[in-house]
Amino acid sequence: MPNIKSAIRKVKRAKKPSIVNKLRKSKYKQALKKMHKFIEKKDTQGAKKYFPDFQSELMKVAKTGVIKKKNISRKISKISKKIKNLTK
């Protein structure tokens, strides 16, 4: 715990944003895990049905800047390719 008064205030102020960021990161991870489960089971119907929700969830996280937009775009691209390969 900091000793300086301003540092103490800063720690208190930083609590809420860090909690929000953790929640957003966990939503991101949960969405990825759910999509990977569909791909592992080779459930193309489920994967295609969940894909728009998956994409929107990831873009919400990207919008806030918790995870960078290009990183999320890469993930979406890779997963869409995997879904296309499942259908072949």
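In which handedness of crossing does H1 pass H3? The crossing in which H1 passes H3 is left-handed, and I would like to start from that pair of helices and work outwards, keeping in mind throughout that what you have in front of you is a predicted model.

Let me begin with how the helices are arranged. Two packed helices are described by the angle between their axes and the distance between the axes. For H1 and H3, the axes cross at roughly 15° and come within 11 Å, and since angles under 35 degrees count as roughly parallel, H1 and H3 are therefore roughly parallel to each other. On the H1 side, this contact is formed by Tyr28, Leu32, Met35, His36 and Ile39, which meet Asn71, Ile72, Lys75, Ile79, Lys82, Ile83 and Leu86 in H3. Sorted by class, the residues of the contact of H1 with H3 are eight nonpolar, two polar and two charged.

Now to the second pair. Helix H1, which covers residues 5–40, packs with helix H2, which covers residues 44–64, at an angle of about 160°, and their axes are 10 Å apart. An angle over 145 degrees counts as roughly antiparallel, and H1 and H2 are therefore roughly antiparallel to each other. Here too the crossing, as H1 passes H2, is left-handed. From H1 the contact draws on residues including Arg24, Tyr28, Ala31, Met35 and Phe38, and from H2 on residues including Gly46, Tyr50, Phe54, Leu58 and Thr64. In this contact of H1 with H2 there are 11 nonpolar, two polar and four charged residues.

The third pair is H2 and H3, whose axes lie 10 Å apart, with a packing angle of about 175°, and that makes H2 roughly antiparallel to H3. Among the H2 residues that take part are Thr44, Phe51, Gln55, Met59 and Ala62, and among their partners in H3 are Lys69, Ser73, Ile76, Ser80 and Thr87. By class, the contact of H2 with H3 counts 12 nonpolar, five polar and three charged residues.

With the pairs in place, we can turn to the core. In soluble globular proteins, nonpolar side chains tend to be buried together. In this model, the largest nonpolar core has 18 residues, and those with the most contacts inside it are Tyr28, Met35, Phe51, Phe54, Leu58, Ile72 and Ile79. At least two residues of this core come from each of H1, H2 and helix H3, the last of these spanning 69–87. Which helix gives the most to this core? That is H2, with seven residues.

Tyrosine 28 deserves a closer look. Setting aside residues up to four places away in sequence, tyrosine 28 touches Leu58, Val61, Ile67, Asn71, Ile72 and Lys75.

I will finish with a few individual residues. Lysine 25 sits in helix H1, and is partly exposed, with a relative accessible area of 39%. Beyond its neighbours within four places in sequence, lysine 25 is in contact with Val66 and Ile67. Measuring along the chain, lysine 25 and arginine 13 are 12 residues apart, while in space they are 20 Å apart, C-alpha to C-alpha.

Aspartate 53 has its place in helix H2, and with a relative accessible area of 48% it is partly exposed. Between the C-alpha atoms of aspartate 53 and histidine 36 there are 14 Å, although these residues are 17 apart along the chain.

Finally, where does lysine 42 lie? Lysine 42 is found in the loop between H1 and H2, and is exposed, with a relative accessible area of 62%. Lysine 42 also has a positive phi of about 60°, although it is not a glycine.

Terms used. Residues numbered from 1 in each chain as written. Predicted model: local features only at pLDDT ≥ 70, side-chain atom pairs only at ≥ 80, totals over all residues. Heavy atoms only, no water. Axes fitted to C-alpha atoms, helices over the stretch in contact; angles between N-to-C directions. Helix = DSSP H or I, 4+ residues; strand = E, 2+ residues; numbered from the N terminus. Parallel < 35°, antiparallel > 145°, perpendicular 65-115°, else oblique. Left-handed = near helix turned anticlockwise from the far one by under 90°. Contact = heavy atoms within 4.5 Å. Nonpolar A, V, L, I, M, F, W, Y, C, P; charged D, E, K, R; others polar. Core = buried A, V, L, I, M, F, W, Y, C linked by side-chain atoms within 4.5 Å. Buried < 20%, exposed > 50% of the residue type's maximum accessible area, 1.4 Å probe, protein only.
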